[in-house]
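Here are some notes for a colleague who has not seen this structure before. They are in numbered points and can be read with the structure open alongside.

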Amino acid sequence: MGLSIQQSQAALNSAIQAASTGRAKAPTQGADISRLNTALAAQDTATLTTQPARAQLEAVSAHMQSAQTGSSLVSAAQQGLTKASGVLDSLRGVVEAIQANGKTDNTSTMRAVNLVGELDRIGQGTNFAGISLLSGAVSGDHAMSFAVGGSNITVDLGSANVAKLAIDLAVGRGQTGEGRMNLSTPQGIANTLTSIAAGASYVSAAQESLSGTSVAFDTAIARLGVSMENISAISSQVSDVSMARDLLGMATGAISAAPAAAFGAQSPSAASVAALLAD
């Protein structure tokens, strides 16, 4: 399409040059007008490409916005998972210290309880545009799909349910001291460390999965950006041709009027004809 537009532009430029000298070369005016008409016809064909180009640009822009939204959502989820991973590391450190001391105390227990409570807050509070991301809300039938130009990228955060992980550690939502979180016996401490390790692996797997999704969005955004640049370049070329058409229209009118003006100057006036008839 770019070659066709360039050829049309060249024809228009040639016709405009001919039009500018047409007044001084009356015998060639007919040929010049013919050349103008040919150039205008070629330009009409080129102009037709602007409508599809504009429609394509609007469509690609919409897909770009969709991809950017999806990328931002995934980024928010990744940030929440990073925080959750840090909390689990801190929790493991507290429980390992209790294990090393061979006994627990109220201060250590409260630190552990507070850390798991923080994990629950991350699970419940991580959101994007009001959508809870790490509580299992975006999963299964409620997974989110983003159109990114001929394909969709689906974001399913069912494997990043940090809120459930906090419940599994049995400290979230008023369950302090119940379930798996038992720091009062050596076996309970060992079981708690096993649960924390499983939770860390769970979060790590979710991070890895989201990393792949993030790369998919980045690739789509880059590809859509190239498409937008190409379509914009084509639209710009067509706009240049449209401007040349306007100039050609003015030149065509000038050339068409020139023969009539010349004929009027050479024809006898009505008064002269009357004088001849009187003789």
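1. The count of aromatic pairs in this predicted model comes to one. The partners are F146 and F217, arranged edge-to-face, with 5.7 Å centre to centre and 80 degrees between the planes. The pair links distant parts of the chain: F146 belongs to strand β3 (residues 144-147) and F217 to helix α6 (residues 186-266), 71 residues apart. Both F146 and F217 are buried.

2. F217 also turns up in two other places. It is listed among the residues with the most contacts inside the largest nonpolar core. In addition, F217 is in contact with S71, as are D218 and I221, when neighbours of S71 within four places in sequence are left aside. S71 lies in helix α3 (residues 50-101). Is S71 buried or exposed? S71 counts as buried, because its relative accessibility is 17% and the cut-off for buried is under 20%.

3. The strand that carries F146 is part of a hairpin. β3 pairs with strand β4 (residues 152-155) in the antiparallel sense, over four bridges. Two facing positions can be checked by eye: M144 stands opposite V155, and A147 stands opposite N152. Four residues lie between the two strands.

4. Which residues of β4 point to the buried face? I153 and V155 do; both point to one face and are buried. N152 and T154 point to the other face and are not buried, so the side chains alternate along β4.

5. The turn of the hairpin deserves a look at G149, which sits in the loop between β3 and β4 and has a positive phi of about 90 degrees. G149 counts as partly exposed, because its relative accessibility is 26%, which falls between the 20% and 50% cut-offs. Not counting residues up to four places away in sequence, G149 touches H63, R223 and L224. For G149 and L224, the C-alpha atoms are separated by 7.4 Å, although the two residues are 75 residues apart along the chain.

6. A second positive phi is found at A129, about 55 degrees, and this residue is not a glycine. A129 is in the loop between β1 (127-128) and β2 (131-132). Is A129 buried or exposed? A129 is exposed, because its relative accessible area is 70% and the cut-off for exposed is over 50%.

7. The largest nonpolar core has 46 residues. Those with the most contacts inside this core are L81, L91, L119, L133, L134, L157 and F217. At least two residues each are supplied by α3, α4 (106-125), β4, α5 (162-168) and α6. The largest share comes from α3, with 16 residues.

8. L133, one of the core residues just named, can be followed outward through its contacts. Residues up to four places away in sequence not counted, L133 touches L73, A76, A77, T126, N127, F128, V138, L157 and A160. Of these, L157 is itself listed among the core residues with the most contacts.

9. For the chain as a whole, the secondary structure comes to seven helices and four strands. Along the sequence the pattern is α-α-α-α-β-β-β-β-α-α-α. The chain has 279 residues, and 34% of them count as buried. Among contacts with a separation of 6 or more, 75% are between residues 24 or more positions apart. The accessible surface comes to about 15000 Å², with 56% of it belonging to carbon and sulfur atoms.

10. How far does the confidence of the prediction reach 70 or more? The mean pLDDT is 75, and 61% of the residues reach 70 or more. Over residues 43-49 the pLDDT is below 50, and this stretch has 14 contacts in the model beyond near neighbours in sequence. Residues 171-179 also stay under 50, with 20 contacts beyond four places in sequence. Where pLDDT is low, predicted coordinates should not be read in detail.

Conventions: Residues numbered from 1 in each chain as written. Heavy atoms only, no water. Buried < 20%, exposed > 50% of the residue type's maximum accessible area, 1.4 Å probe, protein only. Contact = heavy atoms within 4.5 Å. Areas by Shrake-Rupley, 256 points an atom, 1.4 Å probe, with all protein chains shown as cover. Phe/Tyr/Trp six-rings, centres within 6.5 Å; stacked < 30°, edge-to-face > 60°. Pairing = 2+ DSSP bridges. pLDDT = per-residue confidence, 0-100. Core = buried A, V, L, I, M, F, W, Y, C linked by side-chain atoms within 4.5 Å.
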